[in-house]
Every structure is written in C-alpha cells, then in structure tokens.
Amino acid sequence: MNPPARLIARILARFWDTDFAYSFRRAPVAIVSFLVLVVCVGGAVFAPLLAPYNPFDLASLSLMDSFHPPAFMPDGDRTHLIGTDDQGRDMLSAIMYGTRISIFVGLLAIGFALTLGVTVGLVAGYMGGAVDAVLMRIADVQLTFPAILIALLVDGILRAALPREFHDKMEIWVLIFAIGIARWPQFARTVRGSTLVERGREYVMAAQVIGLSSRRIMISHILPNVLGPVLVIATLNLGLAILDEATLSFLGVGLAPTEPSLGTLIRIGNNFLFSGEWWITIFPGLMLAAMVLAINLLGDWLRDALNPRLR
Amino acid sequence: MPLLEVENLIVEFPTRRGLLRAIDEVSFTIDPGEVLGVVGESGAGKSLTGAAIIGLLEPPGRIAGGQIRLNGARIDTLSPERMRPIRGRQIGAIFQDPLTTLNPLYSIGRQLVETMQTHLPLSDRDARERAIQWLEDVGIPAARHRIGAFPHEFSGGMRQRVVIALALCAEPRLIIADEPTTALDVSIQAQIIALLKRITREHGTAVMLVTHDMGVIAETADRVAVMYAGRIAEIGPVRDVVLTPAHPYSEGLMGSIPSLEHRVDRLRQIDGAMPRLTAIPQGCAFNPRCPKTFARCMTERPALLPAGPTRSACWLHAEAAPHV
Amino acid sequence: MSDIVLQASAVTRDFDISRPLLQRVLSGEPKRTLRAVDDVSFAIERGTTLSLVGESGCGKSTIARLAVGLYRPSTGDISFEGHPLSAARAQASLRRKMNMIFQDPYASLNPRWRVRDIVAEPIRAFAILASQKDITDRVGQLLSQVGLSPADGEKYPHEFSGGQRQRISIARALSSEPDFLVCDEPTSALDVSVQAQILNLMRDLQQRLGLTYLFISHNLAVVRHMSDRLGVMYLGRIVELGAGETLFRAPRHPYMRLLLEAIPDLAMVGRTRTPVGGEVPSPINPPSGCPFHPRCPLANDRCRTEKPIHTLIETTEIACHAIAEGRA
C-alpha cells in the first residue's frame, strides 16, 4: 500500500476501535438508518451521473410522455421505472434531483441556524447578565411560534421587500435564510445551557487567570466542549429543516416547479392524487419520509451514544 | 458465629474490552456488634464490596464467584424479591449523600414510619411514636415538631442524622455505611461519627464502615481491612494496622497521611498510582509501587498470610520468603 | 520593611443573590446580598506560604479568586508586588507573575486539548517564547519538573490519573514563570497517597523556585504540613491569624480549638471524645455579633451583639471578645 492509503487505513482502524464506533456497530437501527441515508444522499449527490434523465432539461420533456404509470403497473413501461409526472418528467430522476435540492436547502439552513444559534448561545451563556437576558427572551418569544410559521413570515417579508426579479433568482437563498432563522433558538438555548456549565469549570478559570480575552476563551476553550449536543440537535433539526422546506414548497411559497424539490414534487402530484395518478405524489412522499425518519433515528442514536451516562 | 461472612467474593464487569474484575477473591467476616472499617483509595473496590453485600450492584456488574452469608445463610444467590425484605430488616445502608437515601417528596416521619411498618408489625400510632423516639435518639432537636418536615428543610448534618435513624429503625443487625461523613464539614463529621458509634453500640449493631479517611477508621473501627486494586491487602485489629502495619501498602498509606500532632519536612509517599482495572500487573498488584519487591512478587499473587496480629497479602510474610 | 508579595487590607466581598429582576419586582422582594468575605486583612511574605483554613461557606475560595483578580473586592484593597491588584492585572509582565492551581483535576484541564497545549497556553498567551521548538522544549522541561515525561505532552487529560492531572495543572501554573501561586484545595480531590506526592512536589518547587503560596484548604493536617502562617476562617472572617506552629501548638480562638478537637486523627486510635455540637450557620443569614457565638462555649451578651475586632495578642491576631477580655 502507498503511504496515504496506509495512513487512512490506520485512521479508520483506530476509529473502528473507538467506543463511538462500537456503539454504532451494536445499534441495528443506526446501521439501517445510516445505509438508507447513504442511498438517499448518494443518489442525490450523484444524480447527474446516476439519474436516467435530466428533469431540468426542458427541451427533452415531452407532454407525450406525461402520466406514464410505474413499470410494474399494467400500462407501465421500463423506460420510466416509477412513472412520469404531468410534464412528462421521469419521476425517478425528478426525485433524485429533488432530493438533491432538499438536502442542499436543509444543510445550508441548519448550517446557518447552527452558526447563529451557537454564537448567540455562547455569548449569552458566557457574558450572562443583561446580554443573556435580552438574547434569551428573544429566543423564548420565537420558540412560542411554530418554526414553520416563522419561516413563512420571514419568507413573506423578504418576498415583499425584495424586487421581483431579484427574488426569483435568490429564491433558494431566501428559503434557506427563512428556515435557518426559524431554527436557531434551539441551538442557542442548548449551547447557552452547556456554556453555563463549562463557564463554571476550573479550566475556564485557569484561562481567565492568565488574562485571556473573553472571545478567545469562548472560541478555543468553551466552544469545543459544547459541540457534542449541538451535533445531535443539528442532526435532528436537519430532518425538520428538510420537512420545513417541503412544507413551504408544498404550500407554494418555496421553490418553483421548474426546479422542483421533494416538497414541490409532492405538491404537483397532490393535484393528481384523486384522479388515479397516485405515483406522482406518493414516491416523493415516501422518499421524504424515509430520509427524514433515517435522519431522526440516527440523531436519536447519536444522542444516546454521546451521552456518557448511558454508556 | 460471625454475623456476616464474605468468602472469595468476585465481582466482574463485562465490557467490550473483556471482563473487568473489580473485586478479586475478597474474604472477611464481621461479628455481631463489631465495627469493621474498610479503607482504600478510589477504585480499590471498597464501595463495590458494600454494594455486593446489600445486593445493589449496578448492572452490568455482577457477582461472579464466592459466597456472602448472613447468619450462616447465603444471600448472594437470592432473587431481588427475596433480597428486598433483608435490606432494611437485616442489613441497613447509609450512603455518602443523604439526598440519595431520602425521598424529597415525603416527610421524614412518613419515611421512618413506612420503613418500620414494612419490616415490623407496628400500628400507625406505635410507629409514629417510635419514629419520634428515633429522631430524638439521633439528635434532631424538637423531634415531635419536626417529624412532618421534609428532607430539604434540614441541613446536611441533620439529614445524615435522619438517614442514620432510617437505616437503624427496622433494627437490622448490620449497617453498611459507605463514606457516611465525606460530604460533611469536619466539625459535623465528628458529631456524626460519635452518633454512629454510640447508637450502634447501644443497639448491638455491627457496622461495615467504608471510607477513604484513615482518621475516621482509626477512631471508629474495631478491625480494619485495607483494600488495594480489588483485593484485601491487610486486615486486622485497627490499632495494629494503623500503628504497626505489616503490608508495605498499608505502611505507605499511614505514612503519607499528614499528622496534626507533629510536622515533618517531607511526607512519606508511595510513588505512582493504583493501576486501572484494565492493567493490573502480574503477581502482586502492588509490585510496581512497592519498595520491597522480590522475584516472587512479580509472578505470584499473594493470599492473606498471618503477619503478627494482622493478616497481610504480602510474600514478605511467607515463611519461605527470602529476606531482603 | 519585609518583602510582601500580596497584601489584602480590609477586603469585603458581597454577592448579589437576589432573584432575577422581574421576579423580584413582581413578588416585591428586596435586593439580597451575601457577604462571602468580611473585612479580611493579611499579607504574604515572599517565599512563604499563608494558608487559609475553614469549613464550607467560610469564604476561603472567594479569597482565592479575589487574590488572582477573578473577583473584585466590594470594599477594601488588594495589592500585588506593591501595585494595586487591578493595575497589576492590567499589565502582562505582572499578571504572569501570578497563577493558580485548582481543586478538581478532572475539571481544571480542558478535555479537548492535548497536554502540551494546556501547559503551553500561558507561554503563548504571554509570548514568553516565540519559536515552536523553544515552546516544545520548555513544555518538556516543565513536565519533567513535575515528575511526568515530556512524551506525555502528546496525550489528552483523560489518559491520566487524578494525581498526574494535578501535576499537569501545576506544570501549567509554572509555565508563566510566576512568583505567586494561589492553590485552591489542590489535594482535596486526591487519594492520600497521591496527596502526599503532590504536597511534597509543591514544597520542593517552593524551595527550588522561591515561590510564594496562598494555600486554601479545609484539611487542617494538610495545612499544618504546608503553612508558614495560617489564617482560620469562619463565616467570611479570619478569626485567628498567626504563625502556623503557634496556632497548632497553642490555639487560642474557640473555633480553632473546636476544629482541632473535632478532626479524626490516626493518633486517636481507640480513644473516644465528645464532639462539640452545633452547625455552621448559613452565610445568607449570619448570626449577629460574633458569627461563632451560637456554638461558642465562651459566648456572652457582648459576643451576641458586637462584632469582635482583630487584636494582636503576642504574635497572633485574634478576633474574640473572650480572649481580649481575658475570659479565656
């Protein structure tokens, strides 16, 4: 073996031996969830390579191909394994590309919520006093509204505030921002709680004695020690963020039908659910359910695996 | 006949890195009315021994060998249901943190009454009278008025007094006291020790006193067992173990305790630390830290051997031992 | 004048323990404060150890934090090397001359950092050494100095036992090349055999490096072993302050005598005694007059109403009416 491969092999071997990896190996639910996720994410990431058709290529679409049932149905044909939609798009390809968009929106929205929430939580927890009180009351107030409502509200405000063309171009970013804003308080609350605990520990005092700045103590000492629970919340919230996106798109305030996400596909299909073309909505729905369920189960396992008291 | 006999007790914890033997063939007895002190550093297995005796080992820990007999009858093989009436009635327990023993939602009177009525045939009225008597006995001022008070209304020292009353109220023959004074301030600690001594003497209760504080043992115990890495290193009358220890570990331990009576320039120190359970050395577990090792210590585990008035798990006391 | 490293003059520290503003206003409660340290004065000479001993809630840990500037006194002054402490703290060249050792070896080292980075942190913070190689060498030297191996720098704290962690903590404290160390219960979380190692190490280092210690402990035997001078604290006040040997040989204050009487000792094997009753009152609601009067066998009406002031009796400062009046 060449040196880099050996190095990677060694790192993998060491990881395999950790308690974390051990706990994973002993959790069938986690393994299955992980595999489901690998399939979903893999299919989405490599959609341009794997998908049989390019659903975004409007030129290749033909209304002649619309409403093909799945291959296993009497009228189905093998070229469209799970059928086509009203535009003649291949459902399998549409789902793969749609998942890609859903995951992209979910990841970025959670990344944004995490950055904002962790920063607010660290500052509130470490500084305490009035800063803490103000920041946490804002979080409390926001937590009294359902996240989807906040996202709708933010989305609506941005739609009204931004010029039309600009908004259409920025649609996906508006969506990410809206979902991210809706989900930061949970990160902030958790991080604040852990920060309060860590702040009282003596290693933080040791850093204060030598006169380190608050910023440096927060970043280099406290942050690495509060990230464990954040990881769990991020995972659980990723599933929720993907659902948020689907909900918004289903309600018609998300992404346009030209570049459909899973939510958009479900919304389109919903129109045909009762006229017999059930596959247009059921398959994206199943995909969404499977993916979110897998993420949540994995998050649940992660929470237990990272909890030292359950070891 | 001894009240409690522990014979070759083994406690193991299955982990993914194999079985950890936390207690390794520990044997001792406690006579009726006797106070046996068990000392050792954290991780030596002293609290686990107590937990094994009262049947409260935390899973996945389990008794993997040996016997525990109370009044000659085995209790280590009893099911949890059959063990429950023995706990409280035959063996009482006092732990370091009184809040783990006391239920915060019930008044102390109710807890005493319930404990007594579980084990003794007492009417409500008799039980209440006895509860008041117990509280007076352990030094709770105005016991008759405070019987309805809740645990949080008492200070740490007072709570520990209530716990002692609770442990003794069903009149067990044996009390397992695990670090009963560690969480208390020194002046309170002295009160609790004196109370424990007086009240167990009055009732003829035997005590297994688990603590890391040699001073507490010295003042309280009749005999003492020094534990190291899951085994008993030395066991014998407290005076002999404290003043003329036979095992090099007990000797180092006594020497490393700073004294109130005189000041020395340097404390005796035992270098190194007790091995982790995953890395107990071959032969005598103390050999890496022992100043007196010789060949046999490296290969063979010493059993408890007579060493003057005490018994000590050290090859120095084997007749065949070469003298160094 | 002798060479004083740290001096505290009439230091008092209050903490606000009222409930949050909104709740307080709603329930009409007044603001409540807790006086953790009450009119405390002491001075520590270079190269010596002053110990403060007392039971929980006596304010000794608050003094430790005051001495390194983590808290500011509510009233009174602290000076370090002749400068007001706040001025000394603002100046890196003076701030590096003080450092601290903590109680809990499991909480005092950042679990996510390698030992070499933990020990090097003060070196980097004060820019004492510039090149990575010099820092590595110095860290290795510090680890050897506290009885560890330079190779231990690569490991994480969880790979060490409690005693070894405390050594790491000491190496970190020494890395800023301090003159003055505040030691807050440095051995109370350790087993006795390990405690002996750490205490011996601290005495060796003091002799070798000429360190000055403020040593905080609840363990009188440990304090006796470590101190040149000793202050006995009760409910925020120093009740007796003097040479360690004098206080142990001939304790004057009734509280010090109670403590010495109460502590179980190896020499007491087989003996019995009657402990003194009573409990430490809550500092939130301290007794009037002399805070010790509810437990004091010598208390009279004056003790119940009037706070005793410190009086120098021979070489010992004592705050006790009974002793000042010659009743004891």
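The exercises below, each with a worked solution, concern a predicted model.

Residues are numbered from 1 along each chain as its sequence is written, and chains are lettered from A in the order in which they are written. Local features need pLDDT of at least 70, side-chain atom pairs count only at pLDDT 80 or more, totals for chains, interfaces and linings use all residues, and side-chain values use heavy atoms, with hydrogens and water left out.

**Exercise 1. Compare the span of helix α10 of chain A with that of a straight helix, and locate its bend.**

Step 1. Helices (DSSP runs of H or I, at least four residues) and strands (runs of E, at least two) are numbered from the N terminus, and α10 of chain A covers residues 214-250.

Step 2. The expected span is 1.5 Å times one less than the number of residues, which for a straight helix of 37 residues gives 54 Å, whereas α10 of chain A spans only 45 Å between its end C-alpha atoms.

Step 3. With the bend taken as the angle between axes fitted to the seven residues ending at a residue and the seven starting there, α10 of chain A bends by about 55° at A:Leu223, and the proline A:Pro224 follows within four residues.

Step 4. Just after this helix, A:Gly252 takes a positive phi of about 90°.

**Exercise 2. Describe the lining of the largest cavity.**

Step 1. A cavity is a set of points, on a 1 Å grid over the protein atoms alone, where a 1.4 Å probe fits but cannot get out, and its lining residues have an atom within 4 Å of a point.

Step 2. The largest cavity has a volume of about 100 Å³, a volume being the space filled by probe spheres set on the points, which are joined across faces, edges and corners.

Step 3. Its lining includes B:Tyr228, B:Arg231, B:His247 and B:Cys284, and strand β10 of chain B (residues 231-237) gives the most, with 3 residues.

**Exercise 3. Which backbone values stand out in the loops of chain B at B:Pro60, B:Asn71 and B:Ala229?**

Step 1. In the loop between α1 (46-53) and β4 (62-70) of chain B lies B:Pro60, and the peptide bond leading to B:Pro60 from B:Pro59 is cis, with omega near 10°.

Step 2. B:Asn71, in the loop between β4 and β5 (73-74) of chain B, has a phi near 50°, a positive value in a residue other than glycine.

Step 3. B:Ala229, in the loop between β9 (223-228) and β10 of chain B, likewise has a positive phi, near 50°.

How values were computed. On a 1 Å grid over the protein atoms alone, a cavity is a set of points where a 1.4 Å probe fits but cannot get out, and a pocket is an open set with protein on both sides within 12 Å along at least five of seven lines; lining residues have an atom within 4 Å of a point.
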